[in-house]
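Student: I would like to understand the reasons behind the labels we put on a structure. Could we go through one together?

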Amino acid sequence: MTDQPITAVYPGSFDPFHLGHLDIVRRAVTIFPRVVVGVLRNADKTPLLPAERRVELIRETLDGMPGVEVTAFSGLLVDFMRESRARVILRGMRAVSDFEYEFQIALMNRRLWNPAETVFLTPTEEFTYLSGRIVREIWHLGGDVSGLVPEPVRRALEELRMESLRNPAEA
Ligand code: ADP
């Protein structure tokens with residue numbers, strides 16, 4: 001193969017970026033010299049936060065962490081990998097329930113572009129129960145998400161709450 005430094009992409013909807021995601025990025029930068037966090041634009045028709053806002057918040061959260069870039073993308077992950085000069089896909093593995101879907105996607109990505117290799121990282125135990133869906137549900141029900149998401153994301157969700165209280169129809 002090549003002896004070029006290996007770039008890894010970490011794709012996801014990150015709606016919102018939470019402490020489980022942050023844990024994976026922190027681990028990834030100790031292994032790969034360049035990690036590109038890829039924020040999927042088209043995953044959900046009605047996201048909590050628009051993709052460009054998610055990118056801003058992840059950048060703010062990861063500010064100063066060397067070797068990390070954050071970009072939004074749409075379309076096939078393997079096309080985004082080629083654009084980013086990456087050949088590793090990073091995925092978080094929380095529990096056995098993640099396995100079947102992740103295994104299928106990993107094989108499909110390699111079928112679409114043979115150099116693509118998927119690497120699974122596991123978070124620290126206390127974040128294994130965290131998911132974007134759980135954070136969104138807590139937020140929708142008016143709960144406190146501090147301790148689940150990084151500070152810039154907490155502040156953005158707080159602002160979103162104030163906005164939704166002012167314009168309830170848009171929430
Ligand atoms: P979520 O499942 O939280 O909505 P995404 O769909 O955006 O997040 O997933 C992006 C990547 O982050 C996936 O590889 C997913 O397995 C991983 N991930 C999500 N939550 C966690 C967590 N709590 N710990 C480790 N990895 C996670």
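Tutor: Gladly; this is a predicted model, and we will take the ligand site and then a salt bridge.

Student: What makes Tyr10 a polar contact of the ligand?

Tutor: A polar side-chain atom of Tyr10 lies 2.7 Å from an oxygen atom of the ligand. A polar contact is a pair of N or O atoms within 3.5 Å, so this pair counts.

Student: How do you know that His18 and Arg94 make polar contacts too?

Tutor: By the same test. An N or O atom in the side chain of His18 is 2.8 Å from an oxygen atom of the ligand, and one in the side chain of Arg94 is 3.0 Å from a nitrogen atom of the ligand. The limit is 3.5 Å, so both pairs qualify.

Student: How much of the ligand does the protein bury?

Tutor: The protein buries 91% of the 530 Å² that the ligand exposes when taken alone. The space taken by the ligand is the largest pocket. Strand 1 (7-12), helix 1 (19-28) and strand 4 (88-92) each give two or more residues to the shell around the ligand.

Student: Why is the pair Asp15 and Arg54 called a salt bridge?

Tutor: Their side chains meet at 3.9 Å, N to O. A salt bridge needs a side-chain nitrogen of Lys or Arg within 4 Å of a carboxyl oxygen of Asp or Glu, so the pair passes.

Student: What makes this pair a link between distant parts of the chain?

Tutor: Asp15 is in the loop between strand 1 and helix 1, whereas Arg54 is in helix 2 (residues 51-62), and the two are 39 residues apart. The structure holds 14 salt bridges.

Conventions: Residues are numbered from 1 along each chain as its sequence is written. This is a predicted model: local features need pLDDT of at least 70, side-chain atom pairs count only at pLDDT 80 or more; totals for chains, interfaces and linings use all residues. Side-chain values use heavy atoms; hydrogens and water are left out. A polar contact is a pair of N or O atoms within 3.5 Å; within protein, one must be able to donate a hydrogen and the other to accept it, and residues adjacent in sequence count only if both atoms are side-chain atoms. Accessible areas come from the Shrake-Rupley method with a 1.4 Å probe; for residues, only the protein chains shown count as cover. On a 1 Å grid over the protein atoms alone, a cavity is a set of points where a 1.4 Å probe fits but cannot get out, and a pocket is an open set with protein on both sides within 12 Å along at least five of seven lines; lining residues have an atom within 4 Å of a point. A molecule sits in a cavity or pocket if more than half of its atoms lie within 2 Å of its grid points. Helices (H or I, at least four residues) and strands (E, at least two) are DSSP runs, numbered from the N terminus.
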